[in-house]
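Here are my comments on the structure you sent, set out as numbered points so that each can be checked in the viewer.

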Amino acid sequence: MEFPEVIDLNVGGRHLTTSLSTLRKYPDSRLAAMFSGRYPITKDKDGRFFIDVDGDVFLHILNFLRFQTLPPPEAALAVQNYAEYFGLRELCNRQQEWGPVFVKSLKDKWKSKMDGYESCLRQVRDGLLTCNFDNGYFYIQFSDLSKHMFSRCNVAGISDGHLVISVTFYSSKTLRSTLIRFLNDDLRRINIFLEGEEAYRPESSCECRVAFRYILR
């Protein structure tokens, strides 16, 4: 298949125009392979080559290919996903050097070494699914299994009628403050937000339990 030197694209409904040399800039990439002539590529009704991804994100891909410019921080993670998909290792590596992608990679590395973190995240998910909870306020109660038996240590101040999800962990393996900070970061991605900074604790001075209020929007 022969391609013109100027390529009209329909990227998820957004019309973009670029040069063939730009799309082929990195010959080993999947994007270059798409426009190599070795594979069929779909066209829309107006003859534009169709790529089924978000056009606003793909524009940052084109700008990197054209000028080596990196996306703004708020778009960096989405662009990284596309860079991986299209096999643009140069863009992936540049973004890994610093900025939001670097920070995410660093956090993911820390979380992978945090014993029991995935279990805590799964406990929150399972608690929401079990109760068919889809919006509003609820509480997450963190219970430290490294402390003494806490059957009598009831958290004070939680309003009646609200969902309380119990998350258990071992402080001997995972620092509670670090666990909660990373958990809050992951929960924000699914529209669950910490509501205020107030911590709900047992009436005694025991540190075996603490609860926080969240909202699912």
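The points below take the two sheets, the helices that pack on them and the nonpolar cores in turn.

1. A caution on the source comes at the start: this is a predicted model. The values quoted in this note are accordingly properties of that predicted model.

2. One open sheet is built from three strands in the order β2-β1-β3, and its pairing is mixed. Because β2 (14-19) and β3 each have a single partner strand and stand at the edges, one side of each is left without a neighbour in the sheet. Direction ignored, neighbouring strands of this sheet are turned by 35° against each other on average.

3. Within this three-stranded sheet, β1 and β3 pair in the parallel sense, over three bridges, and Leu9 has Phe49 in β3 as its bridge partner. The helix α3 packs on the sheet, where it touches β1, β2 and β3, and the direction of α3 makes about 10° with that of β2.

4. Which residues have the most contacts inside the largest nonpolar core? They are Leu9, Leu31, Phe35, Ile51, Phe58, Ile61 and Phe86, in a core that has 29 residues. At least two residues of this core are supplied by each of β1 (6-11), α1 (20-23), α2 (30-34), β3 (49-51), α3 (55-67), α4 (76-85) and α5 (89-96). The largest share, six residues, comes from α3.

5. Leu9 deserves a separate look in the viewer. Not counting residues up to four places away in sequence, Leu9 touches Arg14, His15, Leu16, Thr18, Leu23, Phe35, Arg48, Phe49, Ile51 and Phe58. Apart from the core just described lies another, of 23 residues, and among them are Val167, Leu183, Ile192 and Leu216.

6. A further open sheet has four strands in the order β5-β4-β7-β6, again with mixed pairing. Here β5 and β6 stand at the edges with a single partner strand each, so one side of each is left without a neighbour in the sheet. From one strand to the next, the twist averages 30°.

7. The strand β4 pairs on both sides, and the two pairings can be described separately. With β7, β4 runs antiparallel and is joined by eight bridges, and the bridge partner of Tyr139 in β7 is Arg213. With β5, β4 runs parallel and is joined by seven bridges; Phe138 stands opposite Leu163 in β5, and Asp144 has Phe169 in β5 as its bridge partner. Eight of the nine residues of β4 are buried, so this strand is largely enclosed by the rest of the structure.

8. Is helix α7 buried or exposed along its faces? Tyr117, Cys120, Gln123, Val124, Gly127 and Leu128 are buried in α7. Seen down the axis of α7, these buried residues fall within an arc of 125°, so they line one face of the helix. On the other side of α7, Glu118, Leu129 and Thr130 are exposed. The partners of the buried residues of α7 are α6 (99-112), β4 (136-144), β5 (163-169), α8 (176-188) and β6 (192-200).

9. The length of α7 (residues 117-130) was also checked: at 1.5 Å a residue, its 14 residues should span 20 Å, and the end C-alpha atoms are 20 Å apart, which agrees. After α7 comes Asn132, whose phi is positive, near 55°.

10. Helix α8 is mostly covered, with ten of its 13 residues buried. These are Arg176, Thr178, Leu179, Ile180, Phe182, Leu183, Asn184, Asp185, Asp186 and Leu187, a list in which charged and nonpolar side chains can both be inspected. The buried residues of α8 pack against α6, α7, β4, β5, β6 and β7 (209-216). As for placement on the sheet, α8 lies across β4, β5, β6 and β7, running at about 10° to β7. The 13 residues of α8 should span 18 Å at 1.5 Å a residue, and its end C-alpha atoms are 18 Å apart, which agrees.

Conventions
Residues are numbered from 1 along each chain as its sequence is written. This is a predicted model: local features need pLDDT of at least 70, side-chain atom pairs count only at pLDDT 80 or more; totals for chains, interfaces and linings use all residues. Side-chain values use heavy atoms; hydrogens and water are left out. The expected span of a helix is 1.5 Å times one less than its number of residues. Buried means under 20% relative accessible area, exposed over 50%, partly exposed in between (1.4 Å probe, protein chains only). The arc is that of the directions from the helix axis to the C-beta atoms. Contact means heavy atoms within 4.5 Å. A nonpolar core is a set of buried Ala, Val, Leu, Ile, Met, Phe, Trp, Tyr and Cys residues joined through side-chain atoms within 4.5 Å. Two strands pair if DSSP finds at least two bridges between them. Axes are lines fitted to C-alpha atoms, for helices over the stretch in contact, and angles run from 0 to 180 degrees between N-to-C directions.
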